[in-house]
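Biologist: I would like to learn how to read strand pairing and burial from a model. Can we work through some cases?

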Amino acid sequence: MAEILKVSISEEGDVSVISFSGRMDANSSKDGDKALQEMIDNGKTKIVVCCEELSYISSSGLRILLSAVKRLRATGGDLKLSNLTTSIKDIITMTGFNRIFTIFETVEEAIESFKK
Amino acid sequence: MSSTYTLATNASLKEISTIAEFITSSLTCSGVMEEIIFAIELAVDEITNNIMMYAYPAGEGTMKIMIDVSGTDISIEIRDQGKEFNPLLFPPPDISSNSDERKIGGLGIHMVRSIMDKVNYERRDGQNILKLNKSLSGTKP
């Protein structure tokens with residue numbers, strides 16, 4: 001049985017860290033989208049997406065990240081990515097999403113970048 | 001030596017896991033490297049999602065995925081009997097644009113073209129037939 005997407009959220013001061021674990025495909029990305037949009041609805045403006053446990057992302061998953069970052073930047077916020085595996089990094093580069101998102105090696109570096 | 005694998009399934013989001021497992025198990029059996037399997041799984045996922053959205057916009061239909069691994073060549077044929085739909089007609093996305101300008105459409109087929117060496121579409125006998133080829137001796141990931 002293929003993995004599903006698990007979502008966990010934590011707060012570090014005014015920065016929210018959302019960690020995706022498993023697969024983000026056309027089916028499971030709906031859960032990721034719901035979680036991200038709810039965070040923005042609740043006034044979160046600084047979001048780090050930790051991809052350490054993310055094993056797969058299709059264009060459906062990339063679309064939800066794009067939709068969230070567009071919404072955040074429109075109000076002065078941002079969404080940053082951290083802990084990309086080699087496979088996910090390859091997809092991000094292939095699609096030019098590395099030009100859209102700021103990418104960090106660790107969650108801590110991504111959180112720190114919001115303080116500058 | 002040549003190995004052939006076939007999956008006939010519903011074109012439904014519920015079958016995404018089944019399709020992913022079919023690709024992984026078939027290519028693993030043929031000794032294909034893990035990173036190539038990952039890329040091909042992604043390409044087939046994008047194509048089958050397009051079939052669900054555009055060939056069968058009104059609901060579910062069926063599709064067939066055939067994989068042939070022969071020496072260093074992987075050939076994949078995906079057929080459906082839905083509405084005529086050629087994914088290769090999607091305009092390519094501008095992957096150099098920033099988030100404000102970035103359009104959502106065309107990303108999936110761009111990924112397929114990036115991963116595979118050859119992608120061909122034909123409409124025949126009421127079927128959409130998409131053929132994907134990947135040479136394991138090539139340089140793409």
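Biologist: In strand 5 of chain B, which residue is the bridge partner of Arg124(B)?

Modeller: This is a predicted model. The bridge partner of Arg124(B) in strand 5 of chain B is Gln127(B). That pair belongs to a longer ladder: strand 4 (residues 118–124) of chain B and strand 5 (residues 127–135) of chain B are antiparallel and share seven bridges.

Biologist: How many residues lie between strand 4 and strand 5 of chain B in their hairpin?

Modeller: Two residues separate the strands of this hairpin. One to look at in the turn is Asp125(B), with a positive phi of about 50 degrees.

Biologist: How many bridges join strand 5 of chain B to strand 3 of chain B?

Modeller: Eight bridges join strand 5 of chain B to strand 3 (residues 73–80) of chain B, and the two run antiparallel. To find the register, pick one pair: Asp80(B) is opposite Asn128(B) of strand 5.

Biologist: Is strand 5 of chain B mostly covered or mostly uncovered?

Modeller: Mostly covered, with seven of its nine residues buried.

Biologist: Why does Val119(B) count as buried?

Modeller: Residues under 20% relative accessible area are called buried. Val119(B), in strand 4 of chain B, counts as buried because its relative accessibility is 16%.

Biologist: Beyond its neighbours within four places in sequence, which residues is Val119(B) in contact with?

Modeller: Val119(B) is in contact with Leu88(B), Val112(B) and Arg113(B), and also with Leu130(B), Lys131(B) and Leu132(B). For a distance, take Ser2(B): its C-alpha is 21 Å from that of Val119(B), with the two positions 117 residues apart in sequence terms.

Biologist: Now chain A. In which sense do strand 2 and strand 3 of chain A pair?

Modeller: Strand 2 (residues 15–24) and strand 3 (residues 46–57) of chain A pair in the parallel sense, over eight bridges. Within that pairing, Arg23(A) has Tyr56(A) of strand 3 opposite.

Biologist: What do strand 2, helix 1 and strand 3 of chain A make?

Modeller: A right-handed β-α-β unit, in which the helix covers residues 29–41.

Biologist: And what do strand 3, helix 2 and strand 4 of chain A make?

Modeller: They also make a right-handed β-α-β unit, with helix 2 at residues 59–73. Strand 3 and strand 4 (residues 78–82) of chain A pair in the parallel sense through five bridges. To locate them, start from Cys50(A), whose bridge partner in strand 4 is Ser82(A).

Notes
Residues are numbered from 1 along each chain as its sequence is written. Chains are lettered from A and ligands numbered from 1 in the order in which they are written. This is a predicted model: local features need pLDDT of at least 70, side-chain atom pairs count only at pLDDT 80 or more; totals for chains, interfaces and linings use all residues. Side-chain values use heavy atoms; hydrogens and water are left out. Two strands pair if DSSP finds at least two bridges between them. Helices (H or I, at least four residues) and strands (E, at least two) are DSSP runs, numbered from the N terminus. A crossover is right-handed if, with the strands pointing away from the viewer, the path from the first strand over the helix to the second runs clockwise. Buried means under 20% relative accessible area, exposed over 50%, partly exposed in between (1.4 Å probe, protein chains only). Contact means heavy atoms within 4.5 Å.
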